[in-house]
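Hello,

Here is the structure I promised to pass on to you. Please open it alongside this message, and then read on for what turned up in it.

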Amino acid sequence: MTPVRVSVAAAIASVLLLLVVFELIRSRRLRERYALLWLLTGAVLLVLSVWRGGLNTIAGWFGISGYPPAILFAVGILFILLVLLHYSTVISRLSDQSTILAQRLALLEQRFGEQRDEHRGG
Amino acid sequence: MSRRVAIVPAYNEEESIGRVVDELRAFDEGLEVLVVDDGSTDGTAEIARARGARVVSLPFNLGIGGAVQTGFRYAWEHDFDVAVRVDGDGQHAPAELDAVLAPVLSGEADVVVGSRFIGGDGYRSSRSRRVGIRLLALSVSALTRQRITDPTSGFQAANRKGIRLFAADYPHDYPEAEAAVMVAKHALRLCEVPVAMRARETGQSSITAVRSVYYMVKVVLAIFVALFRRKVVPLQ
């Protein structure tokens with residue numbers, strides 16, 4: 001069983017996380033696709049902190065008896081890795097897009113400059 | 001008469017760009033010279049324009065791949081028949097242009113690469129770099145199923161098909177080897193011709209000793225991945 005104080009502190013932290021995420025969505029600083037991910041994360045953390053026997057129960061499903069919080073670390077690290085991988089793909093796509101934008105802008109500027117010169121000359 | 005453009009990628013090359021543009025224009029009056037200023041902070045763009053080149057200025061530095069691709073996009077949009085890449089640091093001698101353009105103009109090849117290692121010996125570099133280039137050459141030769149001797153040469157010419165491919169997709173950081181694999185993958189005809197290259201007139205090669213290992217790993221990875229990519233454009 002999770003000690004009561006730990007449980008209360010974790011619950012408060014989870015609620016704070018949910019509030020921050022909600023505020024970010026409300027002020028449009030977080031897109032919906034990420035909002036859902038972080039809301040879900042906050043909800044899972046909240047459930048785990050309120051359900052005091054939960055960690056032991058879940059660790060039991062996986063046969064972890066020595067140190068139940070290990071399941072939390074394992075799942076947490078895997079989750080963070082996946083999120084980081086996802087961010088790498090997002091960054092790659094954004095830099096590809098900014099390359100294309102830079103190229104289009106430069107080509108348009110060149111074309112524009114040429115036409116302007118023609119008008120002045122003629 | 002086919003319309004030809006020389007694509008000159010340049011990043012802070014104010015010391016050499018004027019001479020490169022002059023030599024290209026002197027070489028052939030029908031050749032349009034396009035300098036792709038890759039976010040230079042010096043006078044590269046102004047000097048090139050003053051010497052009669054067309055200049056496309058990128059708003060920030062994209063690296064060699066992004067700059068060269070910009071040139072091929074220009075060539076594609078302005079309906080050029082042939083485009084040749086000539087580096088702005090002066091190492092590609094305009095005197096060799098005829099050799100590099102010939103197979104494209106005669107219709108023998110879609111993409112031509114000027115090689116320092118066929119016959120001629122116009123280029124000396126460190127032993128480790130030559131070994132690296134040799135290893136890369138073996139990998140690229142195996143993947144393209146033809147003999148490639150100089151997979152790091154940026155002295156490239158392309159016809160309309162090659163221009164279309166490179167306008168749609170040109171590899172990023174160290175693009176030449178991957179470009180060769182891409183060309184073969186799209187069933188375009190690739191050929192190498194012997195050229196002599198000059199030592200850089202100014203500045204440093206972008207590849208230092210420490211970086212060269214990273215370079216090798218990255219390029220080998222890139223060319224193997226390139227094999228498994230989908231084709232970017234339907235060329236036939």
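**What was found in chain B**

Let me start in the middle of things: seven of the seven residues of strand S1 (residues 4-10) of chain B are buried, so S1(B) is largely enclosed by the rest of the structure. Please keep in mind that this is a predicted model. The burial holds on both faces of S1(B), with Arg4(B), Ala6(B), Val8(B) and Ala10(B) on one side and Val5(B), Ile7(B) and Pro9(B) on the other.

Which strands does S1(B) pair with? One partner is strand S2 (residues 31-37) of chain B, joined to S1(B) in parallel by seven bridges. Within that pairing, Pro9(B) has Val36(B) as its bridge partner, and Ala10(B) stands opposite Asp37(B). To get from S1(B) to S2(B), the chain passes through helix H1 (residues 17-27) of chain B, in a right-handed β-α-β crossover. Another partner of S1(B) is S4(B), which also runs parallel and is held by four bridges; there, Val5(B) is matched with Ala83(B).

S2(B) deserves a look of its own. Seven of its seven residues are buried, so S2(B), too, is largely enclosed by the rest of the structure. Leu31(B), Val33(B), Val35(B) and Asp37(B) point one way from the strand, while Glu32(B), Leu34(B) and Val36(B) point the other way. S2(B) also pairs with S3(B), in the parallel sense and over four bridges, and in that pairing Val36(B) stands opposite Val56(B). Here again there is a right-handed β-α-β unit, made of S2(B), helix H2 (residues 44-50) of chain B and S3(B).

**The sheet as a whole**

Stepping back, these strands belong to an open sheet of seven strands in chain B, with the order S3-S2-S1-S4-S6-S5-S7 and mixed pairing. Why do two of the strands have a side without a neighbour in the sheet? Strand S3 (54-57) and strand S7 (190-194) of chain B stand at the edges, and each has a single partner strand, so one side of each is left free of a neighbour there. From one strand to the next, the twist averages 20 degrees.

At the S7(B) edge, the partner is strand S5 (residues 111-115) of chain B, which runs parallel to S7(B) and is joined to S7(B) by five bridges. Ser115(B), for instance, has Pro194(B) as its bridge partner. Helix H6 (residues 160-168) of chain B lies across strand S4 (82-85), S5 and strand S6 (156-158) of chain B, at about 110 degrees to S6(B).

**The overall picture**

Finally, a few figures for the whole chain. Chain B has eight helices and seven strands. Its C-alpha trace spans about 45 × 40 × 35 Å along the principal axes. A compact globule of 236 residues would have a radius of gyration near 18 Å, and the 16 Å of chain B agrees with that. Buried residues account for 55% of the 236 residues. Among contacts in chain B between residues at least 6 apart in sequence, 76% join residues at least 24 apart. The exposed surface of chain B comes to about 10700 Å², with carbon and sulfur atoms supplying 53% of it.

I hope this helps you find your way around. Enjoy exploring!

Best wishes

Technical notes
Residues are numbered from 1 along each chain as its sequence is written. Chains are lettered from A and ligands numbered from 1 in the order in which they are written. This is a predicted model: local features need pLDDT of at least 70, side-chain atom pairs count only at pLDDT 80 or more; totals for chains, interfaces and linings use all residues. Side-chain values use heavy atoms; hydrogens and water are left out. Two strands pair if DSSP finds at least two bridges between them. Axes are lines fitted to C-alpha atoms, for helices over the stretch in contact, and angles run from 0 to 180 degrees between N-to-C directions. Contact means heavy atoms within 4.5 Å. Buried means under 20% relative accessible area, exposed over 50%, partly exposed in between (1.4 Å probe, protein chains only). A crossover is right-handed if, with the strands pointing away from the viewer, the path from the first strand over the helix to the second runs clockwise. The radius of gyration is taken over C-alpha atoms; the globule rule is 2.2 Å times the number of residues to the power 0.38. Accessible areas come from the Shrake-Rupley method with a 1.4 Å probe; for residues, only the protein chains shown count as cover.
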